[in-house]
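Colleague: I have not seen this structure before, and I would like to go through it with you one question at a time. Could you put it up for us before we begin?

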Amino acid sequence: MQIPTPNPDVFETQCWAYHIISHPQELLTEGFDYATPGRFRKYIQWTLQAAAEPRICTKEEPGQLMAAFQVINSVMLAAEALLQQHQAGEEHLLVSHDPCGAKLRLLGRKDRADPYRVFRRFFKYQSTSLWKQDLNRALGYALSRAAVDDTMNLLPLYWHVTCLIEAAWVVQERAKAAVKPAAALQSA
């Protein structure tokens, strides 16, 4: 009997980054190098609009949409890891100034001040495996001529996933801002 080996690609990055990223903060940096929060918002919007109608999404190439949803899936897994670190007291990146307010559409002041609040709400709504199923189903409907059935509510999917992307971007921007002063002190 063969003993299964643990998956080293816990954030499922091999399929879009072409290498394994093992730290959630690195994943966020690479994910937002791939696309901006505004671009991810458009990918989500276009996909869910096409899923709601019996037509194929034509706003973007199917391969591009699939890759974007793989990045979104990885960001979701990184957010879950960051939330666990935050709850364990390992992450303390709450900053009062907001370096990224203009790029955010859905996050309110409280959510910008504490992006982990968005993470908690996201994973309280449903589990990671259910989120992955919903994202894959929506993408499948968007890339086929079938319309989504009545069992899937697309508005909460749009809202929660877009808020998660924006909150992850806030965490990533604050981590970058926290690294810059430390690097300046080391070089002095």
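Colleague: Where along the chain does Asp 9 lie?

Modeller: This is a predicted model, and everything I say about Asp 9 should be read with that in mind. As for its place, Asp 9 lies in the segment before helix 1, the helix that spans 14-17.

Colleague: Is Asp 9 buried or exposed?

Modeller: A residue counts as buried when its relative accessible area is under 20%. The relative accessible area of Asp 9 is 10%, and therefore Asp 9 is buried.

Colleague: Which residues is Asp 9 in contact with, leaving aside its neighbours within four places in sequence?

Modeller: One partner can be approached through the backbone, since Asp 9 and Ile 20 are 11 residues apart in sequence while their C-alpha atoms are 5.6 Å apart in space. With the neighbours within four places in sequence left aside, the residues in contact with Asp 9 are Gln 14 and Ile 20.

Colleague: Staying in the segment before helix 1, what is the phi of Glu 12?

Modeller: Most residues other than glycine have a negative phi. Glu 12, which lies in the segment before helix 1, is partly exposed, with a relative accessible area of 29%. Although Glu 12 is not a glycine, its phi is positive, at about 55 degrees.

Colleague: And how does Tyr 18 count, buried or exposed?

Modeller: Tyr 18 belongs to the loop between helix 1 and helix 2, the latter covering 24-34, and Tyr 18 also has a positive phi, near 65 degrees, in a residue other than glycine. The cut-off for exposed is over 50%. Because the relative accessibility of Tyr 18 is 67%, this residue counts as exposed.

Colleague: Stepping back to the whole chain, how many helices and strands are there?

Modeller: Read along the sequence, the pattern of the protein chain is α-α-α-α-α-α-α-α. The count for the protein chain is accordingly eight helices and zero strands.

Colleague: What share of the contacts with a separation of 6 or more comes from residues 24 or more positions apart?

Modeller: The protein chain has 188 residues, of which buried residues make up 47%. Among its contacts with a separation of 6 or more, the share that comes from residues 24 or more positions apart is 73%.

Colleague: Which residues of helix 3 make the contact with helix 4?

Modeller: Helix 3 (residues 37-52) and helix 4 (residues 62-87) pack at an angle of about 115 degrees, with their axes 10 Å apart, and helix 3 passes helix 4 in a left-handed crossing. On the side of helix 4, the contact is made by Gln 64, Leu 65, Ala 68, Phe 69, Val 71 and Ile 72, and on the side of helix 3 by Phe 40, Tyr 43, Ile 44 and Thr 47.

Colleague: How many charged residues are in the contact of helix 4 with helix 6?

Modeller: Helix 4 and helix 6 (residues 115-125) pack at an angle of about 115 degrees with their axes 10 Å apart, and the two are therefore roughly perpendicular to each other. The residues making the contact include Glu 80 and His 86 of helix 4 and Arg 120 of helix 6. By class, the contact has eight nonpolar residues and two polar ones, and the number of charged residues is two.

Colleague: Which residues of helix 7 make the contact with helix 3?

Modeller: The axes of helix 3 and helix 7 (residues 128-142) come within 7 Å and cross at roughly 65 degrees, which makes these helices roughly perpendicular. Helix 3 contributes Thr 47, Leu 48, Ala 50 and Ala 51, and the residues of helix 7 are Ala 138, Leu 139, Tyr 141 and Ala 142.

Colleague: Which residues does Ala 52 touch, not counting those up to four places away in sequence?

Modeller: Ala 52 lies in helix 3 and counts as partly exposed, because its relative accessibility is 42%. Its C-alpha atom is separated by 8.6 Å from that of Ala 138, 86 residues apart along the chain. Not counting residues up to four places away in sequence, Ala 52 touches Ala 147, Val 148 and Leu 154.

Colleague: Finally, with which side chain does the side chain of Glu 173 make a polar contact?

Modeller: Glu 173 lies in helix 8 (residues 154-187), and because its relative accessibility is 16%, it counts as buried. Its side chain makes a polar contact, at 3.1 Å, with the side chain of Lys 176.

Key: Residues are numbered from 1 along each chain as its sequence is written. This is a predicted model: local features need pLDDT of at least 70, side-chain atom pairs count only at pLDDT 80 or more; totals for chains, interfaces and linings use all residues. Side-chain values use heavy atoms; hydrogens and water are left out. Axes are lines fitted to C-alpha atoms, for helices over the stretch in contact, and angles run from 0 to 180 degrees between N-to-C directions. Helices (H or I, at least four residues) and strands (E, at least two) are DSSP runs, numbered from the N terminus. A crossing is left-handed if the near helix is turned anticlockwise from the far one by less than a right angle, and right-handed if clockwise. Contact means heavy atoms within 4.5 Å. Buried means under 20% relative accessible area, exposed over 50%, partly exposed in between (1.4 Å probe, protein chains only). A polar contact is a pair of N or O atoms within 3.5 Å; within protein, one must be able to donate a hydrogen and the other to accept it, and residues adjacent in sequence count only if both atoms are side-chain atoms. Angles under 35 degrees count as roughly parallel, over 145 as roughly antiparallel, 65 to 115 as roughly perpendicular and the rest as oblique. Ala, Val, Leu, Ile, Met, Phe, Trp, Tyr, Cys and Pro count as nonpolar, Asp, Glu, Lys and Arg as charged, and the others, Gly among them, as polar.
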